[in-house]
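Biologist: I should like to learn how to read the contact between two chains, and the empty spaces in a structure. May we work through an example together?

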Amino acid sequence: MNQWKNFTKGFIKENPVFILLLGLCPTLGVTTSAINGLGMGLATTFVLLMSNTVISLIKNVIPNKVRIPSFIVIIASFVTIVDLVMAAYVPALHAQLGLFIPLIVVNCIVLGRAEAFASKNTVLSSMIDGLGMGLGFAFALTILGAVRELLGSYAIFGYKLINTDGMLVFVLAPGAFIGLAYLVAIVRRINK
Amino acid sequence: MEYILIIIGAIFVNNIVLAQFLGICPFMGVSSKVKTAVGMGGAVLFVMTLAVIVTWIIMHYVLIPFEIQYMQTIAYILVIASLVQMVEIILKKMSPALYQALGVFLPLITTNCAILGVAILVIQKEFNLLESVIFSIGNAAGFALALIIFAGIREHMDKLNIPEGMKGIPASLVVAGILALAFMGFAGMV
């Protein structure tokens with residue numbers, strides 16, 4: 001039961017995007033459509049799960065003074081793996097996400113969970129924490145992507161609902177900021 | 001002329017914060033006062049230019065000759081992290097006044113995606129060293145400009161009557177959205 005709570009906290013209660021406001025750069029940058037948001041979210045989930053697992057496995061071997069650089073190297077290795085795998089198997093999505101794939105390295109959520117959770121907890125709970133937080137991040141990105149796609153081009157997951165041009169501003173940069181602003185306000189209201 | 005276009009493009013047309021969404025964390029976190037925004041802008045200008053020079057040299061004289069370009073992400077983040085540490089130590093010894101002004105912002109910069117982002121961008125755009133330096137100065141100036149304008153607006157927002165649910169971050173995000181809308185007016189200039 002406790003592990004279940006550990007898993008679900010990332011979705012609403014401690015959602016990395018809506019509540020903790022971490023990792024805003026990829027959140028705003030890639031969510032021009034629901035598919036892009038989901039792809040970025042799943043890539044981050046993989047990195048988060050793997051880095052949390054490895055860090056909690058070797059936490060007792062890493063000297064305290066060099067722990068942050070060691071975490072960063074571990075995270076960067078998994079980011080490189082994701083980058084190469086995506087370039088090989090989903091080149092179209094990889095091209096869309098572009099710069100933001102290597103930038104998962106500096107996503108505050110990944111280092112934040114490593115430092116705050118994986119370096120103190122057991123392997124199993126760190127894995128569940130990584131998976132839950134990652135899926136919560138993917139959930140937030142997909143929602144924001146869906147909202148922007150719906151308003152910006154009247155489509156959802158690439159499926160056109162109304163056959164006219166949407167409000168283009170939601171696909172462009174200002175729509176990202178304003179869309180996220182209202183989603184954060186709504187989630188805060190739900191949490192109350 | 002070409003260099004002027006790079007600078008104008010980086011500051012206004014493709015503003016690093018408002019059009020490319022890099023460095024949002026310090027943009028949201030640090031920019032509630034104009035004075036701290038200026039300090040952060042200065043620190044980013046300093047570190048970004050240095051980081052781009054060092055990573056450009058590493059890319060072209062280490063990674064490409066040995067054909068290990070896939071090590072880019074790992075190599076870059078290590079270089080940037082150690083560079084920031086080194087700058088901090090050197091500034092502390094050489095120029096305590098400058099350290100006082102920039103010191104608190106330096107640790108934050110390691111996880112600032114704008115630095116890593118620009119270092120990767122100059123490789124993607126295949127710039128030479130001089131173009132890379134000019135591009136990074138332009139981007140840092142654009143970052144500072146967005147940060148200072150945003151801080152100026154936020155200083156006045158304290159006096160407004162904002163609905164309960166929108167207080168804090170949501171209201172700031174709306175302001176950033178309107179600012180991004182304003183910067184879209186520069187589109188097509190270069």
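Modeller: We shall discuss the interface, then the cavities, then the largest pocket. This is a predicted model, in which local features need pLDDT of at least 70 and side-chain atom pairs count only at pLDDT 80 or more, while totals for chains, interfaces and linings use all residues. Residues are numbered from 1 along each chain as its sequence is written, chains are lettered from A in the order in which they are written, and side-chain values use heavy atoms, with hydrogens and water left out.

Biologist: How many residues of chain A and chain B are in contact?

Modeller: Contact means heavy atoms within 4.5 Å. Here 34 residues of chain A are in contact with 36 residues of chain B.

Biologist: How is the size of an interface expressed?

Modeller: It is often given as the accessible area lost when the parts come together. The calculation uses a 1.4 Å probe and sums the loss over both parts. For chain A and chain B the buried area is about 2900 Å², and carbon and sulfur atoms give 85% of that area.

Biologist: Which elements of chain A give two or more residues to the side that touches chain B?

Modeller: They are helix H2 (24–30), helix H4 (67–89), helix H6 (108–118) and helix H8 (173–191) of chain A. Helices are DSSP runs (H or I, at least four residues), numbered from the N terminus. The largest share, eleven residues, comes from H8(A).

Biologist: How many salt bridges does the rule find across the interface of chain A and chain B?

Modeller: A salt bridge is a side-chain nitrogen of Lys or Arg within 4 Å of a carboxyl oxygen of Asp or Glu. The rule finds zero salt bridges across this interface.

Biologist: How does one find empty space?

Modeller: Rolling a probe the size of a water molecule over the atoms shows where empty space is left. On a 1 Å grid over the protein atoms alone, a cavity is a set of points where a 1.4 Å probe fits but cannot get out, and a pocket is an open set with protein on both sides within 12 Å along at least five of seven lines; lining residues have an atom within 4 Å of a point. The whole structure has two cavities of 30 Å³ or more. The largest cavity holds about 70 Å³ of space, and A:Cys25 and B:Cys25 are among the lining residues closest to its centre.

Biologist: What is the volume of the largest pocket?

Modeller: Its volume is about 490 Å³. The lining comprises 28 residues, and those nearest the centre include A:Phe100 and B:Phe21.

Methods. Buried area is the accessible area (1.4 Å probe) that two parts lose on being put together, summed over both. Grid points are joined across faces, edges and corners, and a volume is the space filled by probe spheres set on the points.
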